[in-house]
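Here are some short exercises to work through with the sequence and the model side by side. Try each task yourself before you read the solution.

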Amino acid sequence: MCRAFDTESARSGSATGFIVDKRREIIHTNRHVVKPGPMTAEAMFVNREVIPVYPIHRDPVNCEVSEL
């Protein structure tokens with residue numbers, strides 16, 4: 001079940017991103033993918049491997065930058 005946080009509406013969906021640092025496990029995606037409230041997310045790779053991901057940065061100015 002999705003619940004709203006603050007002024008953001010609750011939702012689920014899919015998005016794309018790319019690995020910027022494999023060793024540190026950092027994925028770059030668009031800012032709208034990472035909401036300001038709590039979130040649960042997974043990344044699926046081409047080989048169908050699925051891993052949990054957690055937001056580490058959401059740029060407050062640039063509307064196109066977030067890292068998981």
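**Exercise 1**

Is isoleucine 27 buried or exposed?

*Solution.* Keep in mind that this is a predicted model. Start with the cut-off: a residue is called buried under 20% relative accessible area. Isoleucine 27 has 11% relative accessibility, so it counts as buried. Next, place it in the chain: isoleucine 27 sits in strand β2, which covers residues 26-29. Finally, look along the sequence to tyrosine 54, 27 residues away from isoleucine 27. In space, the C-alpha atoms of these two residues are 9.8 Å apart.

**Exercise 2**

Work out where threonine 29 sits, and what its side chain has beside it.

*Solution.* Step one: threonine 29 belongs to strand β2. Step two: its relative accessibility is 5%, so threonine 29 counts as buried. Step three: check the polar atoms. A polar atom of the threonine 29 side chain lies 2.7 Å from the backbone oxygen of threonine 16. That passes the cut-off for a polar contact, which is a pair of N or O atoms within 3.5 Å.

**Exercise 3**

Take a step back and sketch the whole chain: how many helices and how many strands does it have?

*Solution.* Count the elements and you get zero helices and six strands. Read from the N terminus, the order is β-β-β-β-β-β. Now for the burial: the protein chain has 68 residues, and 22% of them are buried. The accessible surface is about 5,600 Å², with 52% of it belonging to carbon and sulfur atoms. As for contacts, take those between residues at least 6 apart in sequence: 42% of them join residues at least 24 apart.

**Exercise 4**

Two residues in strand β3 are worth a look: glutamate 42 and methionine 44. Find out which residues each one touches, leaving aside neighbours within four places in sequence.

*Solution.* Begin with glutamate 42, in strand β3 (residues 41-44). It has 62% relative accessibility, and because exposed means over 50%, glutamate 42 counts as exposed. With the neighbours within four places set aside, glutamate 42 is in contact with Val50, Ile51, Pro52 and Val53. Proline 52 comes 10 residues away in the chain, and its C-alpha atom is 4.3 Å from that of glutamate 42.

Now turn to methionine 44, also found in strand β3. Its relative accessible area is 52%, so methionine 44 is exposed. Set aside the neighbours within four places again, and methionine 44 is in contact with Glu49 and Val50. Threonine 16 is 28 residues from methionine 44 in sequence, with 9.7 Å between the two C-alpha atoms.

**Exercise 5**

Glutamate 25 and arginine 48 each have a positive phi without being a glycine. Where in the chain does each one lie?

*Solution.* Take glutamate 25 to begin with. Its phi is about 60°, and it lies in the loop between β1 (17-21) and β2. With a relative accessible area of 64%, glutamate 25 is exposed.

Then do arginine 48. Its phi is about 75°, and its place is the loop between β3 and β4. Arginine 48 has 65% relative accessibility, so it counts as exposed.

**Exercise 6**

Describe the second largest pocket: how much space lies in it, and which residues are nearest its centre?

*Solution.* A word on the idea behind this one. Rolling a probe the size of a water molecule over the atoms shows where empty space is left.

1. The second largest pocket holds about 240 Å³ of space.
2. Its lining has 13 residues, and those nearest the centre are Lys22, Glu25, Ile27, Phe45 and Ile51.
3. The elements giving two or more residues to this lining are β2 and β4 (50-53).
4. β4 gives the most, with three residues.
5. By type, the lining divides into 10 nonpolar, no polar and three charged residues.

**Exercise 7**

Is serine 12 buried or exposed?

*Solution.* Locate it: serine 12 lies in the segment before β1. Its relative accessibility is 64%, so serine 12 counts as exposed. To finish, compare sequence with space: serine 12 and threonine 40 are 28 residues apart in the chain, and their C-alpha atoms are 9.6 Å apart.

Key. Residues numbered from 1 in each chain as written. Predicted model: local features only at pLDDT ≥ 70, side-chain atom pairs only at ≥ 80, totals over all residues. Heavy atoms only, no water. Helix = DSSP H or I, 4+ residues; strand = E, 2+ residues; numbered from the N terminus. Buried < 20%, exposed > 50% of the residue type's maximum accessible area, 1.4 Å probe, protein only. Contact = heavy atoms within 4.5 Å. Polar contact = N/O pair within 3.5 Å; in protein donor to acceptor, adjacent residues only side chain to side chain. 1 Å grid on protein atoms, 1.4 Å probe; cavity = no way out; pocket = protein on both sides within 12 Å on 5 of 7 lines; lining within 4 Å. Points joined across faces, edges and corners; volume = space filled by probe spheres on them. Nonpolar A, V, L, I, M, F, W, Y, C, P; charged D, E, K, R; others polar. Areas by Shrake-Rupley, 256 points an atom, 1.4 Å probe, with all protein chains shown as cover.
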